[in-house]
Each structure stands twice: as structure tokens, then as C-alpha cells.
Amino acid sequence: MYKYLPIVICFLVSSVSSAQSFKTNESVGVTLSLPIINGYSYYGFSETETKEGLFGIGASVFYKHNRFKYSINGAMTTVITFTHEASDASKDINVNLIEGLVHYRIHDQFNLIGGINFSNYQFSGSYFSMDSTGLVDYSIKRNDRTMGLTLGAELVFTPHFTVAAFYRPSLYCFDKKSFKQMFSLDLRFDINLWRRK
């Protein structure tokens, strides 16, 4: 009887280790994101311009499976410039985007992110001038739609809170044919709606 004990122990150990290696960790949920710092490089009315902003909001749905997380993300970011002099020009930039992302966990506290995005750069500007009738406000608006890459890295502080840095260069512009890019630093909050371990 005892001569079979080592064989039984080996079988039990191999079964447990095999079950652990095939263990799945799945979840489905939503992510709320706050792009707190944004930087843009785009073609304005007559030249390439850069701007920074401090506002944005976004949301996504995700599916996690072990080391991978797949998400569809939408976000709106903005930069608003206020001027005080009548001769100054006011230029605003808003970017609305939707993107498909793959997050890959390479460490418990660090993820790499990649994907593609469709972005709409909404550029508006106005300037004031004096003529015989008084102060005149001239306004110009333009939408530049692009398709590009999304590259990023994510620091994981808790299972539900991360800080992510994104770089979004344009690959193709549907309207004004000029290179555009966007940087953002996001606070991201995951909310699980379904989970299986």
C-alpha cells in the first residue's frame, strides 16, 4: 500500500499545479477617465501650433482576461484661451476621440497600451478689429478628422485606480493634410460589473 504513496502524491501535486496554470481571471466593466494634463500639436490657420490644457473627461468599456485587457474608449479634451485686449486673438482647441485599446500587464504595477484611434480636432479662433462701425469680431471654425495610433503606459496603484500616459500621433488626416499629435496624462478608475476568478 505504502509503495503507491509517492505515485499518488506526484499525481496530486501535478494536478494542483496544472489547475493553477490554467486558472482564469476574467472581468467586464467600465472605466471613468480624467485627462488632467493634455498637450496638442496641430496645424492652425496659418502655422503649426502647440497648446496645453487641463481638462477632459472620458469613459470606456473593458474586458479583462488574465494579463490582457481590451477596451473601447471615448474622450473629450479641451483648451480654452481667454484674451483681454481687443487686438488679441483667441484660439481654442477641442479633441473628441474614440479608440480601441489593448492593455498588456508586464508587471503587477505596470501595463503597456496600444491601439488605434479616430480623433476630431475642433479648432476655433476669433480676433477683433476696429472699423468705421466699431469693434468687429471675426470668427473661424474648422474640424480636422484624423486616424492614428494610441501608445501608452499605465501605472497600477490599486486594482481599481491607475495613472496612464498616452501619445496619439495621426497617421492619416481626412481634412487638412497636416501632422497632428496629442499627449495626455489620465487618472483612470475601473468599475467591475462582472468578475470570475
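The legends below describe close-up views of a predicted model.

**Figure 1. Overall organisation of the predicted chain.** The protein contains one helix and nine strands. Along the sequence these elements follow the pattern α-β-β-β-β-β-β-β-β-β. Of the 197 residues, 35% count as buried. Among contacts with a separation of 6 or more, 60% are between residues 24 or more positions apart.

**Figure 2. The largest nonpolar core.** Ten residues form this core: Tyr-40, Tyr-42, Ala-75, Val-79, Ile-93, Val-95, Leu-97, Tyr-121, Phe-123 and Met-182. At least two of its residues come from each of strand S1 (26-43), strand S4 (68-79), strand S5 (89-107) and strand S6 (110-131). Strand S5 gives the largest share, with three residues.

**Figure 3. Surroundings of the core residue Ala-75.** Ala-75 belongs to the largest nonpolar core. When residues up to four places away in sequence are not counted, Ala-75 touches Ile-57, Gly-58, Val-95, Asn-96 and Leu-97. Two of these partners, Val-95 and Leu-97, are themselves listed among the core residues.

**Figure 4. A buried asparagine in strand S6.** Asn-111 is located in strand S6. Its relative accessibility is 11%, and Asn-111 therefore counts as buried, the limit being under 20%. With neighbours within four places in sequence left aside, Asn-111 is in contact with Tyr-104 and Arg-105, and also with Gly-152, Ala-153, Glu-154 and Val-156.

**Figure 5. The enclosed cavity.** Rolling a probe the size of a water molecule over the atoms shows where empty space is left. The count of cavities of 30 Å³ or more comes to one. The volume of the largest cavity is about 40 Å³. Its lining consists of Val-95, Asn-117, Ser-119, Tyr-121, Thr-146, Arg-168, Pro-169, Ser-170, Lys-180 and Met-182. Strand S6 and strand S8 (161-173) are the elements that give two or more residues to this lining. By class, the lining residues of the largest cavity are four nonpolar, four polar and two charged. Val-95, Tyr-121 and Met-182 appear in this lining and also in the largest nonpolar core.

**Figure 6. The largest pocket.** The largest pocket holds about 570 Å³ of space. It is lined by 22 residues, of which Asn-25, Lys-64, Asn-66, Arg-105 and Pro-159 are the closest to its centre. Two or more lining residues come from each of S1, S4, S5, strand S7 (134-158) and strand S9 (181-196). The lining of the largest pocket is made up of three nonpolar, ten polar and nine charged residues. Arg-105, one of the residues closest to the pocket centre, is also a contact of Asn-111.

**Figure 7. The salt bridge between Arg-196 and Glu-26.** Side chains of opposite charge can pair when their charged atoms come close. Eight salt bridges are found in a search of the whole structure. In one salt bridge, the side chains of Arg-196 and Glu-26 meet with an N to O distance of 2.2 Å. This pair links distant parts of the chain, with Arg-196 in strand S9 and Glu-26 in strand S1, 170 residues apart. Arg-196 counts as partly exposed because its relative accessibility is 44%. Glu-26, at 10% relative accessibility, counts as buried.

**Figure 8. The salt bridge between Asp-190 and Lys-69.** The closest N and O atoms of Asp-190 and Lys-69 are 3.0 Å apart, and the two residues form a salt bridge. Asp-190 lies in strand S9 and Lys-69 in strand S4, so this pair ties together parts of the chain that are 121 residues apart in sequence. Asp-190 and Lys-69 are both buried.

**Figure 9. The salt bridge between Asp-144 and Arg-142, and a shared network.** The side chains of Asp-144 and Arg-142 meet in a salt bridge, at 3.6 Å from N to O. Asp-144 is buried, with a relative accessible area of 4%, whereas Arg-142 is partly exposed at 24%. Elsewhere, salt bridges that share partners join Lys-64, Lys-69 and Asp-190 into one network. Lys-64, a member of this network, is also one of the residues closest to the centre of the largest pocket.

Technical notes
Residues numbered from 1 in each chain as written. Predicted model: local features only at pLDDT ≥ 70, side-chain atom pairs only at ≥ 80, totals over all residues. Heavy atoms only, no water. Core = buried A, V, L, I, M, F, W, Y, C linked by side-chain atoms within 4.5 Å. Buried < 20%, exposed > 50% of the residue type's maximum accessible area, 1.4 Å probe, protein only. Helix = DSSP H or I, 4+ residues; strand = E, 2+ residues; numbered from the N terminus. Contact = heavy atoms within 4.5 Å. 1 Å grid on protein atoms, 1.4 Å probe; cavity = no way out; pocket = protein on both sides within 12 Å on 5 of 7 lines; lining within 4 Å. Points joined across faces, edges and corners; volume = space filled by probe spheres on them. Nonpolar A, V, L, I, M, F, W, Y, C, P; charged D, E, K, R; others polar. Salt bridge = Lys/Arg side-chain N within 4 Å of Asp/Glu carboxyl O.
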